[in-house]
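Biologist: I have this one open on the screen and would like to go through it with you. Can we start with the packing and then look at the odd spots in the backbone?

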Amino acid sequence: MSLWQLDGEAATQAFAQALAATAPTPAVVHLQGDLGAGKSTLARAWLRVLGVTGTVRSPTYTLVERYPVAGGEALHLDLYRIGDIGELEFLGLDDVAARLWLIEWPERGADALPKPDLRVALALSGEGRSARLDALSDAGLRWRARVAAAVRLPTVAEPKP
C-alpha cells in the first residue's frame with residue numbers, strides 16, 4: 001500500500017474528496033497520528049466536501065460534534081481527553097445511526113465505539129503530511145481500493161520496518 005503525500009490545503013481537500021466520494025454508508029473511520037499530524041484538518045476538509053458550510057469546530061473539548069449532511073448525520077469525535085472509557089456513556093452515542101463517524105484518538109474509546117472500516121494514519125512528512133489507509137473491514141477493503149483508483153496525488157515509498 002502506498003502513502004499519499006498531502007502537501008498543503010489543496011492536496012488535503014483532494015484526498016478528502018476521494019474519501020467522501022467513495023465511502024460506503026455507513027462508514028466508520030479512525031483518524032490516527034501524533035498531535036499536529038492533521039487529523040482535524042482532514043476531518044474538517046471531509047465535512048466541507050459533504051456540504052457542511054457553517055463553522056466546523058474541533059471536538060477537542062466537546063468530545064463530539066454532530067453535523068447534518070445529505071443522507072444523515074456525520075459525527076466528529078476527538079477522544080484525546082477521555083480519561084476513562086465510561087465517559088463515552090455520557091455522549092449518547094449508543095443508538096446513533098450516523099452516515100459517517102470520524103474518530104480521532106480511537107484507541108481511547110476501545111470497544112465502546114462502532115467497529116472501524118478504515119484507518120487513516122497521518123504523519124508529518126516534509127512540508128506537509130503523509131496519509132496511509134488501512135482497511136479494517138470487508139467494506140474497508142473495497143473502499144480502500146476505490147480511493148486508490150480515485151486519488152490523483154503523489155505517493156511516497158513506505159518506510160522499511
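Biologist: How many residues has the largest nonpolar core, and which have the most contacts inside it?

Modeller: This is a predicted model. Its largest nonpolar core has 34 residues, and those with the most contacts inside it are Phe15, Leu19 and Trp46. Helix 1, residues 9-22, gives the most to this core, with six residues.

Biologist: What is Phe15 in contact with, leaving aside neighbours within four places in sequence?

Modeller: Phe15 is in contact with Trp4, Leu6 and Leu42, then Val120, Ala131 and Leu133, and finally Val147, Val151 and Leu153. There is also a second, separate core of 16 residues, and Leu63, Leu75, Leu79 and Leu93 are among them.

Biologist: Any general reason for cores like that?

Modeller: In soluble globular proteins, nonpolar side chains tend to be buried together.

Biologist: Back to helix 1. At roughly what angle does its axis cross that of helix 2?

Modeller: Roughly 60 degrees, and the axes come within 8 Å; helix 2 is residues 39-49. That angle makes helix 1 oblique to helix 2. The crossing of helix 1 and helix 2 is right-handed.

Biologist: Which residues meet there?

Modeller: From helix 1, Thr12, Gln13, Phe15, Ala16, Gln17, Leu19 and Ala20; from helix 2, Thr41, Leu42, Ala45, Trp46 and Val49. By class, this contact has eight nonpolar residues, four polar ones and no charged ones.

Biologist: Which residues of helix 2 are buried?

Modeller: Lys39, Ser40, Leu42, Ala43, Ala45, Trp46 and Leu47. Just after helix 2, Gly51 takes a positive phi of about 105 degrees.

Biologist: And helix 3? How do helix 1 and helix 3 cross?

Modeller: Helix 3 is residues 138-150; its axis and that of helix 1 come within 9 Å and cross at roughly 135 degrees. Helix 1 and helix 3 are therefore oblique to each other.

Biologist: Why not roughly antiparallel?

Modeller: Because that label needs an angle over 145 degrees, and this crossing is at roughly 135 degrees. The handedness of the crossing of helix 1 and helix 3 is right-handed. Phe15, Ala18, Leu19 and Thr22 of helix 1 make the contact with Trp143, Arg146, Val147 and Ala150 of helix 3. Sorted by class, the contact of helix 1 with helix 3 has six nonpolar residues, one polar and one charged.

Biologist: Moving past the helix, where does Ala23 lie?

Modeller: Ala23 lies in the loop between helix 1 and strand 2, which is 27-32. Its relative accessible area is 26%, so Ala23 is partly exposed. Not counting residues up to four places away in sequence, Ala23 touches Trp143 and Arg146.

Biologist: Which peptide bond is cis?

Modeller: The one from Thr25 to Pro26, with omega near -5 degrees. Pro26 is found in the loop between helix 1 and strand 2.

Biologist: Now positive phi. What is the value for Leu63?

Modeller: Near 75 degrees, in a residue other than glycine. Leu63 is in the loop between helix 2 and strand 3 (64-69).

Biologist: Is Leu63 buried or exposed?

Modeller: Leu63 counts as buried, because its relative accessibility is 11% and the cut-off for buried is under 20%.

Biologist: What about Trp105?

Modeller: Trp105 is not a glycine, yet has a positive phi of about 55 degrees. It lies in the loop between strand 5 (100-104) and strand 6 (118-125). Trp105 is buried too, with a relative accessible area of 13%.

Biologist: Switching to strands. Which residues does Ser130 touch, not counting those up to four places away in sequence?

Modeller: Leu3, Trp4 and Gln5, together with Ala121, Leu122, Ala123 and Ser125. Ser130 is found in strand 7, residues 128-135. Its relative accessible area is 7%, so Ser130 is buried.

Biologist: Last one, Arg66. Where is it found, and what does it touch?

Modeller: Arg66 is found in strand 3. Not counting residues up to four places away in sequence, Arg66 touches Glu73, Ala74, Leu75, Leu91, Gly92, Leu93 and Val96. At 36% relative accessibility, Arg66 counts as partly exposed. Arg66 and Leu100 are 34 residues apart in sequence, and their C-alpha atoms are 10 Å apart in space.

Methods
Residues numbered from 1 in each chain as written. Predicted model: local features only at pLDDT ≥ 70, side-chain atom pairs only at ≥ 80, totals over all residues. Heavy atoms only, no water. Core = buried A, V, L, I, M, F, W, Y, C linked by side-chain atoms within 4.5 Å. Buried < 20%, exposed > 50% of the residue type's maximum accessible area, 1.4 Å probe, protein only. Helix = DSSP H or I, 4+ residues; strand = E, 2+ residues; numbered from the N terminus. Contact = heavy atoms within 4.5 Å. Axes fitted to C-alpha atoms, helices over the stretch in contact; angles between N-to-C directions. Parallel < 35°, antiparallel > 145°, perpendicular 65-115°, else oblique. Left-handed = near helix turned anticlockwise from the far one by under 90°. Nonpolar A, V, L, I, M, F, W, Y, C, P; charged D, E, K, R; others polar.
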